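These are my notebook entries on one structure. I looked up its enclosed space, its open space and its surface, in that order.

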Amino acid sequence: MSAPLGVLWLQSGGCGGCSMSLLNAESPELPGLFDAAGLHLIWHPSLSEASGDEVVSRLERLERGDEPLDLLCVEGALLRGPNGSGRFHLLSGTNRPMIDWVRSLAARAGCVVAMGTCAAYGGITAGADNPTDACGLQYEGVHPGGLLGADFRAAGGLPVVNIAGCPIHPDWVGETLAALALGALAEADLDPYQRPRMFYDHLVHHGCPRNEFYEYKASALEHSDLGCLMEHLGCLGTQAHADCNTRLWNGQGSCTRGGYACINCTAPEFEEPGHGFQQTPSVAGIPIGLPTDMPKAWFVALASLSKAATPQRLRLNATADHLVVPPSVRHPRQR
């Protein structure tokens with residue numbers, strides 16, 4: 001039986017929310033997840049007991065190649081400032097920028113995985129004027145490059161695998177690491193932003209419980225309303241790549257199920273939409289951000305037809321915070 005693969009997890013510029021989300025893994029829970037995938041945790045800044053000189057010594061052995069580094073996981077954006085020195089973020093006890101550690105360890109790793117949108121593309125940390133000069137591991141927003149450069153390939157041959165999300169779903173982590181451990185994830189299995197297709201070839205719109213309201217353009221006016229959140233409240237679920245409404249969070253929830261519009265947090269530059277997250281910009285009443293693969297002319301025609309055909313039940317329920325009119329009950333033999 002082969003030895004478990006070692007996973008080193010480093011945290012850079014971010015909130016730690018992806019680690020917190022990972023702790024919510026269930027079926028299996030986190031320890032069972034690692035055991036089932038044939039992985040062992042070399043070190044995690046929040047989950048491991050080791051600290052101080054013990055950790056630094058371990059990192060130095062990994063850097064020299066004295067100890068194998070199978071999977072390097074990085075959470076949080078990489079802070080290159082000020083002036084490219086990286087000294088906005090030093091690894092405690094080393095007086096050495098985290099970006100230097102990441103570059104050096106990435107060169108040794110069998111695979112490098114970005115945990116969350118910050119590590120993948122810069123994310124929230126890179127928003128506004130980006131005073132820390134934050135970037136992702138292999139992307140700077142939508143542009144390839146980032147800290148490691150567009151041509152980077154880990155020792156196993158893959159580019160950085162981007163598990164995007166703010167935060168990430170724990171299943172995305174577990175199943176990606178398991179696939180890597182089994183050698184079952186190839187570059188062809190990554191989408192154009194290097195996200196695993198098994199999660200990101202879906203849309204948040206898929207499985208959304210508000211889809212009937214969307215079809216008839218019966219729209220919510222407040223977040224507490226039952227209707228579609230796209231027309232007035234900024235929902236990007238028809239454009240966002242993730243399986244959030246078919247792979248529920250904690251087995252039961254998602255943003256749209258909780259009444260909050262999808263902000264497309266798995267996409268590069270989601271943090272700078274150019275308008276408020278809860279706003280839907282439009283021109284002549286037509287949303288600027290149309291559903292993926294939907295030509296504008298078709299959207300206008302279908303939206304007009306849908307609104308004209310909206311059942312009264314949906315009109316009333318869309319702007320209510322509870323079911324006002326239930327679907328009518330018909331005898332099953334009626335045609």
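**Entry 1: enclosed space.** I began with the largest cavity and noted a volume of about 130 Å³. I recorded that the model is a predicted one. I then looked up the count of cavities of 30 Å³ or more, and it comes to 1.

I next asked which residues lie nearest the centre of the largest cavity. They are His205, Cys208, Cys228, Cys235 and Thr238, out of 14 lining residues. I sorted the lining of this cavity by class and entered 7 nonpolar, 6 polar and 1 charged residues.

**Entry 2: open space.** I turned to the largest pocket, which holds about 330 Å³ of space. Its lining consists of 20 residues, and I noted Leu236, Gln239, Asn264, Pro273 and His275 as the closest to its centre. By class, I found that the lining of the largest pocket divides into 11 nonpolar, 7 polar and 2 charged residues.

**Entry 3: surface.** I asked which residues make the nonpolar surface patch of about 240 Å². I entered Leu23, Leu41 and Leu47 as its members.

I followed Leu41 further and located this residue in strand E2, which covers residues 39-43. Is Leu41 buried or exposed? I recorded Leu41 as partly exposed, with a relative accessible area of 31%. Leu41 can belong to a patch because its relative accessible area of 31% passes the requirement of over 30%.

Definitions and conventions:
Residues numbered from 1 in each chain as written. Predicted model: local features only at pLDDT ≥ 70, side-chain atom pairs only at ≥ 80, totals over all residues. Heavy atoms only, no water. Patch = residues over 30% accessible without salt bridge, like charges linked within 9 Å, V, L, I, M, F, W, Y side chains within 5 Å. Areas by Shrake-Rupley, 256 points an atom, 1.4 Å probe, with all protein chains shown as cover. Salt bridge = Lys/Arg side-chain N within 4 Å of Asp/Glu carboxyl O. Helix = DSSP H or I, 4+ residues; strand = E, 2+ residues; numbered from the N terminus. Buried < 20%, exposed > 50% of the residue type's maximum accessible area, 1.4 Å probe, protein only. 1 Å grid on protein atoms, 1.4 Å probe; cavity = no way out; pocket = protein on both sides within 12 Å on 5 of 7 lines; lining within 4 Å. Points joined across faces, edges and corners; volume = space filled by probe spheres on them. Nonpolar A, V, L, I, M, F, W, Y, C, P; charged D, E, K, R; others polar.
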